[in-house]
Amino acid sequence: MILTGPLVVRAEGFTPPGPRDFDLPPLGPDKTFEMFGQTFYLGVTKPMIQIVIAAVLVFAFFYVASRRRAMVPGRLQYVAETGYGFVRNGMGRDIIGSEQFLRYVPYLFALFFFVLVNNLFATIPFFEFPTFSRAGMVYGLAAMSWVVYNAAGIHRHGLLGYLKLQCVPPNMTGLILVLLVPLEFFSNIVVRPITLALRLFANMFAGHLLLILFALGGEYLLVHGEGLVKPVGIVAWLLFITVAFLEVLIQFLQAYVFVLLNAMYISGAVADEH
Amino acid sequence: MDGNLNMIGYGLAAIGPGVGIGLIFAAYINGVARQPEAQGRLQTIAILGFALAEALAIIGIALAFVL
């Protein structure tokens, strides 16, 4: 109780980080224009640059690694092959099934490393901003995966067959279908891309917000704190480092989960009728 | 002391997914301890369950900022 007194008083001068910290100023021309009733910047922002760098990095790495293929792989080729095998076997073959997974491996493979590099940008010095903490960046990916899994299902079953597979649960007859079909449609076709996008976005957003909070809070306690409160700032910074390592794990896990769910949606769409 | 009541609401809302994720990984650890060779299959299922339970917390944090 003694400690909380000064802390609460001090907290009034501290501005906690919020969603506004993610509105980075645009680089380039500082002009705005109106379209669809929204105000757009003419310049580019940091996440826009990062998303392009990530695409170029992933392409360049795997292009260079696979250009000089050898029977006995070199160091670079070994790393590339391990990464490829991880996605191909762990997510493609095990989930979609050995009959038709090969067609979707390029998509899953590119998606995984693209998302992974973009997430790791939150930790890499000089970038230190997760691209997908801006929701707009993720909506594009989610829309793409929505098109991919629906197109895969329609290609295999035809439009009506696919809708039946996704919306009509097997071994159900009668009036309960009136209740179940709209629910299944809503859950399998409408909500999936939304949760897919929100999961990746919110994880990156919350993780980065947490890091900002520890960094700013530690700085505030150390500079403006009085007496015994000052050392708490150092504890906050130690926690910052710990949480930063936890974030690396979460960044990898979220890329994995994103692609895993993509593979599961595809597998559900191309599955034979049960 | 000022702040947003939404965040307290989010903290309460995160209890459910927290318990859920704990149960999922408890079951996963149990399964692997009983049958280590099943780890590959169980891992996929565990991660899927984790992702689904986590979605609730994620929707919560999104709404905490939006509302």
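How many ångströms should the 22 residues of helix 3 (residues 75-96) of chain A span at 1.5 Å a residue, and how far apart are its end C-alpha atoms? The helix should span 32 Å, and the end C-alpha atoms are 30 Å apart, which agrees. The expected span is 1.5 Å times one less than the number of residues. This is a predicted model: local features need pLDDT of at least 70, side-chain atom pairs count only at pLDDT 80 or more, and totals for chains, interfaces and linings use all residues. Residues are numbered from 1 along each chain as its sequence is written, while chains are lettered from A and ligands numbered from 1 in the order in which they are written.

**Confidence**
- The predictor gives the complex an ipTM of 0.71 and a pTM of 0.85.
- Chain B has a mean pLDDT (the predictor's confidence in each residue, from 0 to 100) of 86, and 97% of its residues reach 70 or more.
- Among the elements of chain B, helix 2 (residues 15-34) has the highest mean pLDDT, 95, and helix 3 the lowest, 81.
- Helices are DSSP runs (H or I, at least four residues), as are strands (E, at least two), numbered from the N terminus.

**Helix 3 of chain A**
- A kink of about 25 degrees is centred on Asn89(A); the bend is the angle between axes fitted to the seven residues ending there and the seven starting there.
- Its buried residues are Ala80(A), Val87(A), Met91(A), Gly92(A), Ile95(A) and Ile96(A).
- Buried means 20 or more other C-beta atoms within 10 Å of the residue's own, exposed 12 or fewer, and partly exposed in between, with C-beta atoms placed from the backbone.
- These buried residues pack against helix 2 (46-67), helix 4 (105-120) and helix 7 (230-270) of chain A, together with helix 3 (39-66) of chain B.
- Just after the helix, Gly97(A) takes a positive phi of about 105 degrees.

**Chain A meets chain B**
- 15 residues of chain A are in contact (C-beta atoms, placed from the backbone, within 7 Å) with twelve residues of chain B.
- Helix 6 (176-224) of chain A is one of the elements giving two or more residues to the side that touches chain B.
- Helix 6 of chain A supplies the largest share of that side, six residues.

**Phe205(A)**
- Phe205(A) lies in helix 6 of chain A.
- Phe205(A) is buried, with 23 other C-beta atoms within 10 Å.
- Thr123(A) is 82 residues from Phe205(A) along the chain, and their C-alpha atoms are separated by 13 Å.

Technical notes:
Contact = placed C-beta atoms within 7 Å.
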